[in-house]
Amino acid sequence: MTPALTLLLSLQALAQTISPQLEARAALLASQAEQSNLGYSIVESLTTEVGPRLAGTEAEERARNWAVAKFESMGFANVRVETFALPVWERGVEWAQITAPYPQPLVVTALGGSISTGPDGVEGELASFPSLNALATAPAEIVKGKIILVDEVMTRTQDGSGYSVAAAKRRQAAYIAEEKGALAALIRSVGTSSHRFAHTGQMRRVTEVGEPQGVPAAAISAPDADQLQRILAAHSSLRLRLVLTPERRPAGVSGNVIAEIPGREAPDEIVLIGAHLDSWDLGTGAVDDGAGVGIVMAAAKAVMDAMPNGPRRTIRVVLFGAEEVGVVGGKAYAEAYANELANHIVASESDFGAGRIWRFNTGVVEDKVQVAQALGSVVRSMGAGPGSNAATGGPDMKYLREAGVPVVGLEQNGWDYFDLHHTPNDTLDKIDPQDLAQNVAAWTSFIYLAANSEDSYR
Ligand SMILES: [Zn+2]
């Protein structure tokens, strides 16, 4: 390559329409947003006035009504609910105990999608496996007729990369156990704390539940898994009783709630930001994902108030339904807006708790990385380190990303996230208002820049 061509190519890569003036305004709005408690007050309102909001239930419908009223009171335009059908799973009674050699209770919680044991439960010998792979490769003789335990420990990381590895046992153990003739399946909770809570979470997507249906499946708390290992180390036989009575209904309703700040010059061009409105039923869904709801609503409001005539492009806020049970709302959105996805300029979801943002990642074609990284200039000035081009944009962005929509990731510190995740302990008091405000500030700068630039990230 000639030096002149190299220079030309690097100048093209640098070409972007974010001016120093635009960037300065974004920084100012961010610093104002960081002084506001709006994001926190939104999470407080949702988790107090609605509480838990499991996908497809009446509680999730109340959350949609809450969201419509909140968006309207804040002055958003085109507020609407877009419903979709899905099967519904609801928790029943759940308990377990060691019956021999040392009778005592255990802390368990059913996994989403699990079938019922019936009210009398199941009783059997425990067979423990150190990993999902060890269960998958075990001869059926040592599994048949037993309650199995997959006792795999999750790795704690700042970026949450231990989760997908650990969640595999939650998604697959019940089905592998069924193939080998087990009575029921237990997993060590997908979580990183030593507290005595069990972490729930979905097995297969709720839309794929049916055949095979798996054996009854539950998570046990980490100290309970340790307790079982101590007993197993000293005794050839350990027996348990497990009772789970969840119910499944084939036809339920969930929905996405959408609101907009219409664009002034290019209303058809969409900057999409989202979070998910549903939560697991055990806590009040403050960290997962009330925090995301508060962050994106407050950030959009900050831009709306600063621009009475609207930003250049439309900012669309989507609160997705039924994320926890299999990204059902994310898929419904991608299908409903298939014809408009080419006009989605950039998209991102906040769904990793309430920790401070420490990195700005992009998920765009290689020759647009530099221009897309400009959207994170203010975020970097707030202390975020250099990012990568490995952003997923969040779970509900999966189908948009696959359809070619550019995404970015305002990556949050997830060191503690999986201590609380999907437990009764996911409540408002776990959110640091200052950390949440830092998120709102970062998102405010990102959407202000994205909605007022003329850049393309495709
Ligand atoms: Zn979530």
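The following exercises, each with a worked solution, concern a predicted model.

Local features are given only where pLDDT is at least 70, side-chain atom pairs count only at pLDDT 80 or more, and totals for chains, interfaces and linings use all residues. Residues are numbered from 1 along each chain as its sequence is written, and side-chain values use heavy atoms, with hydrogens and water left out.

**Exercise 1. Determine what span is expected for helix H4, and where its buried residues lie around the axis.**

Step 1. Helices (H or I, at least four residues) and strands (E, at least two) are DSSP runs, numbered from the N terminus. The expected span of a helix is 1.5 Å times one less than its number of residues.

Step 2. H4 covers residues 58–74, which is 17 residues, so a span of 24 Å is expected; the end C-alpha atoms are 24 Å apart, in agreement.

Step 3. Buried means under 20% relative accessible area, exposed over 50%, and partly exposed in between (1.4 Å probe, protein chains only). The buried residues of H4 are Ala-59, Glu-60, Ala-63, Arg-64, Trp-66, Ala-67, Phe-71 and Met-74. These residues cover an arc of only 160° around the axis, so they lie on the same side of H4. The arc is that of the directions from the helix axis to the C-beta atoms.

Step 4. An α-helix has 3.6 residues a turn, so residues three or four places apart point the same way.

**Exercise 2. Describe helix H14 and the residue that caps its N-terminal end.**

Step 1. H14 (residues 433–452) has 20 residues and reaches 28 Å from its first C-alpha to its last, close to the expected 28 Å.

Step 2. Of these 20 residues, 18 are buried, so H14 is largely enclosed by the rest of the structure.

Step 3. The cap is Asp-432, which has a side-chain oxygen 2.7 Å from the backbone nitrogen of Gln-434. A polar contact is a pair of N or O atoms within 3.5 Å; within protein, one must be able to donate a hydrogen and the other to accept it, and residues adjacent in sequence count only if both atoms are side-chain atoms.

**Exercise 3. Compare the linings of the two cavities by class.**

Step 1. On a 1 Å grid over the protein atoms alone, a cavity is a set of points where a 1.4 Å probe fits but cannot get out, and lining residues have an atom within 4 Å of a point. A volume is the space filled by probe spheres set on the points, which are joined across faces, edges and corners.

Step 2. The whole structure holds two cavities of 30 Å³ or more. The largest has a volume of about 50 Å³, and the second largest about 30 Å³.

Step 3. Ala, Val, Leu, Ile, Met, Phe, Trp, Tyr, Cys and Pro count as nonpolar, Asp, Glu, Lys and Arg as charged, and the others, Gly among them, as polar. The lining of the largest cavity has two nonpolar, six polar and two charged residues, including Trp-280, Asp-288 and His-422. The lining of the second largest cavity has eight nonpolar, no polar and no charged residues; among them are Leu-54, Trp-89 and Val-325.

**Exercise 4. Examine the backbone at His-422 and at Asp-288.**

Step 1. Most residues other than glycine have a negative phi, and most peptide bonds are trans.

Step 2. His-422, although not a glycine, has a positive phi of about 65°. This residue lies in the loop between H13 and H14 and is buried, with a relative accessible area of 4%.

Step 3. Asp-288 is joined to Asp-289 by a cis peptide bond, with omega about 5°. Asp-289 lies in helix H8 (residues 286–306).

Technical notes
1 Å grid on protein atoms, 1.4 Å probe; cavity = no way out; pocket = protein on both sides within 12 Å on 5 of 7 lines; lining within 4 Å.
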